[in-house]
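Ready for a few exercises on reading a protein model? Have a go at each task before you look at the solution.

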Amino acid sequence: MKYVTKLTLAFSALLALVSGCGESSNKTVFGNTPKNETTAMLLNTPYIVNQGDKIIPDGLTEIVVNHVLDVNTKSVTLLSGSAALLRGTYAVQ
């Protein structure tokens, strides 16, 4: 009887571990990151960027990038000109 209980407990733990695995959502510590979104950037507004995001400038554009190493956070701010921020899988395609 003890063997069946241990086997059942081990199987339940394995099942719980495997069921937690799967495709991750595109979430960051800042919340959900849209998968296919284009944002027109506003002047002097910081935007948190993630891996795969892309900035498309329109003509002469000045952008400053801030990178916090300890938190691995990057933000971009449009100083002059205009640009579009492509987020997620849209930028990769």
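**Exercise 1.** Leaving aside its neighbours within four places in sequence, which residues is Met41 in contact with?

*Solution.* First, some ground rules: this is a predicted model, where local features need pLDDT of at least 70 and side-chain atom pairs count only at pLDDT 80 or more, while totals for chains, interfaces and linings use all residues. Residues are numbered from 1 along each chain as its sequence is written, and side-chain values use heavy atoms, with hydrogens and water left out.

Next, the term: contact means heavy atoms within 4.5 Å. With those close neighbours in sequence set aside, Met41 touches Tyr47, Ile55, Val76, Leu78, Ala83, Ala84 and Leu85.

Now place Met41 in the chain: this residue sits in the loop between strand 3 (36-40) and strand 4. Strands (E, at least two residues) and helices (H or I, at least four) are DSSP runs, numbered from the N terminus.

**Exercise 2.** Is Met41 buried or exposed?

*Solution.* Start with the cut-offs: buried means under 20% relative accessible area, exposed over 50%, and partly exposed in between (1.4 Å probe, protein chains only). Met41 has 7% relative accessibility, so this residue counts as buried. For the whole protein, buried residues make up 19% of the 93 residues.

**Exercise 3.** Which residues form the largest nonpolar core?

*Solution.* Pin down the idea first: a nonpolar core is a set of buried Ala, Val, Leu, Ile, Met, Phe, Trp, Tyr and Cys residues joined through side-chain atoms within 4.5 Å. Here the largest one has seven residues: Met41, Tyr47, Val49, Val76, Leu78, Ala83 and Leu85. Then look at where they come from: strand 4 (46-49) and strand 6 (73-88) each supply at least two residues of this core. Strand 6 gives the largest share, four residues. As general background, nonpolar side chains tend to be buried together in soluble globular proteins.

**Exercise 4.** Which side chain does the side chain of Arg87 join through a polar contact of 3.3 Å?

*Solution.* Find Arg87 in strand 6. With a relative accessible area of 12%, Arg87 is buried. A polar contact is a pair of N or O atoms within 3.5 Å; within protein, one must be able to donate a hydrogen and the other to accept it, and residues adjacent in sequence count only if both atoms are side-chain atoms. The partner is Asp53. Finally, a polar atom of the Arg87 side chain also lies 2.9 Å from the backbone oxygen of Ile48.
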